[in-house]
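User: I would like to learn how to read the interior of a protein model, beginning with its core and ending with its ligand. Could you take me through one example?

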Amino acid sequence: MTPHATNWSGTLTFGARRVHAPTSLAELQEIVAATARIRALGTAHSFSTVADTTADLVSVAGLPATVEVDAAASTVTVSAGIRYGELARRLDGTGFALANLGSLPHIAVGGACATGTHGSGIANGNLASAVRAIELVTADGELRTLSRDADPDRFPGAVIALGALGVVVRLVLDVVPAFELRQVVYQNLPATELGSGALQDVLASAYSVSLFTRWGGPQIDQVWLKHRIGPGARFDSSPVTDDAAPFPSTWRGARLASSPMHPVPGMPTVSCTEQGGVPGPWHERLPHFRLEFTPSSGEEIQTEYLLPREHAADALAALGTIREAIAAALHVSEIRTVAADDLWLSPSYRRDSVAIHFTWRKDPDAVAAVLPAIEDLLAPYEPRPHWGKVFGISPEVVRARYPRADDFRRLASELDPHGKFRNDFVDRYLPPLPLP
Ligand SMILES: Cc1cc2nc3c(=O)[nH]c(=O)nc-3n(C[C@H](O)[C@H](O)[C@H](O)COP(=O)(O)OP(=O)(O)OC[C@H]3O[C@@H](n4cnc5c(N)ncnc54)[C@H](O)[C@@H]3O)c2cc1C
């Protein structure tokens, strides 16, 4: 990779002098030990400057790809540079699955976990919550392992770490028995279903639920339901109680889509995973987009805020007061849920959360103009922004929303005393603690 590489959407040109691409662990360890300031880069899908640096970047994508299942422990050990789509394909024949996936399979496991990437589902934690252990190369070039069981005091700070602790090379992830889902889309969910109680029912009506709106009116344009087949995933408010039953043509006033849908109207639906209630494996239904195609719009900027799920209806009603301003800069918004976890820098740390997402047009000025009003309206609900997306909330306010932020800052100073892995982003939001 050459310097002046950009992020996936081309909205950021990295300031890095060099981008290293080692092909072995030993080579990576040498590079890290010999370089004064360096940061890991995943698949560069972040929109914020979280991955950026004026020093060196290093990609672990060229290290040998690992996918090793331990059936007895219900884990899979994976190389950090592998993309979720590739991991899923290799996991498929083993009878195991990941409990959840993000909207796209294109992102690297290491990069996605480092920022708290999530899918949806009231009982599904973010992708990092499945991490049981990490192996990382720290500032001195040593390989260290931190695990949920052996390091309960530090591990919760080390998984979502924004690249600030070292270069993660392998992760041990929890797996579950492979499962199937049926995906359907309903259109035009009426505003009457968005009151507090009804909205909670809608969000809890399938294993994974995504609501899409373009803020053109008070209704939700599309409801994507990923209905898990088999035991253990029954939802009282689901449109179907029998796994084989056809989905009703109307549900809560919304109409069953008669043909495949893309979240952004007008975009080709061939890039989307199969809908229409056709059963399929977990990795072909949980993401919205297929690995072989460009996900989402491509020409975009993204923003997302996570806040306590019980405030979902009030937060959406508040945003509805500026719907025209939002719509003017927008491709589409998505509303999802994320179960609480214990990871210190997790946007869903100890809060069952609703995630309110905006896929903006690729117009940084228009995005910068609308964010302050959104953040003012959401402020009463103490939103935590997605680390990998664009936001404007001040560093002090962001930090105050993470009860364990200072513990993370201490951990970073301990593992990286000279700030080898820091960048402007980390310095702004999680600066080193002053010496006592
Ligand atoms: C089209 C699109 C759809 C998206 N959908 C979702 C979604 O459904 N849900 C969601 O939550 N987010 C979503 N995102 C955001 C995305 O998941 C995050 O930005 C994620 O961090 C991207 O992973 P990456 O590998 O590209 O990370 P990068 O952007 O490359 O890096 C992000 C951070 O991870 C660190 N990092 C990367 N690799 C390592 C490593 N090996 N060791 C240590 N640190 C590392 C970097 O230093 C940096 O701080 C989407 C983004 C796009 C472009």
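Analyst: The turns below take up the core, a strand and the ligand shell of this predicted model.

User: Which residues of the largest nonpolar core touch the most other members?

Analyst: As a general idea, nonpolar side chains in soluble globular proteins tend to be buried together. In this model the largest nonpolar core has 126 residues, and those touching the most other members are Val109, Cys113, Val159, Val167, Leu171 and Val223. Strand β9 (residues 167-174) gives the largest share of this core, six residues. Because domain 1 (67-177) and domain 2 (180-395) both contribute residues, the core lies between them. Leu171 touches, beyond its neighbours up to four places away in sequence, residues including Val78, Val109, Cys113 and Ile134.

User: How many residues of strand β17 are buried, and what does that tell me?

Analyst: Eight of the nine residues of β17 (residues 300-308) are buried, so the strand is largely enclosed by the rest of the structure. β17 pairs in the antiparallel sense with β19 (residues 353-361) over nine bridges, and there Leu306 stands opposite Ala355. β17 also pairs in the antiparallel sense with β20 (residues 384-385), over two bridges, where Tyr305 stands opposite Pro385.

User: Where does the shell around the ligand lie with respect to the domains?

Analyst: Domain 1 and domain 2 both give residues to that shell, so it lies between them. The ligand is surrounded by 34 residues, the closest being Gly42, Gly110, Gly111, Gly163 and Gly388. By class, the shell has 17 nonpolar, 16 polar and one charged residues, and α3 provides the largest share, five residues.

Definitions and conventions: Residues are numbered from 1 along each chain as its sequence is written. This is a predicted model: local features need pLDDT of at least 70, side-chain atom pairs count only at pLDDT 80 or more; totals for chains, interfaces and linings use all residues. A nonpolar core is a set of buried Ala, Val, Leu, Ile, Met, Phe, Trp, Tyr and Cys residues joined through C-beta atoms within 7 Å. A residue is buried if 20 or more other C-beta atoms lie within 10 Å of its own, exposed if 12 or fewer, and partly exposed in between; C-beta atoms are placed from the backbone. Helices (H or I, at least four residues) and strands (E, at least two) are DSSP runs, numbered from the N terminus. Domain bounds come from an automatic or database domain assignment. Two residues are in contact if their C-beta atoms, placed from the backbone, lie within 7 Å. Two strands pair if DSSP finds at least two bridges between them. A residue is near a molecule or strand if its C-beta atom, placed from the backbone, lies within 6 Å of it. Ala, Val, Leu, Ile, Met, Phe, Trp, Tyr, Cys and Pro count as nonpolar, Asp, Glu, Lys and Arg as charged, and the others, Gly among them, as polar.
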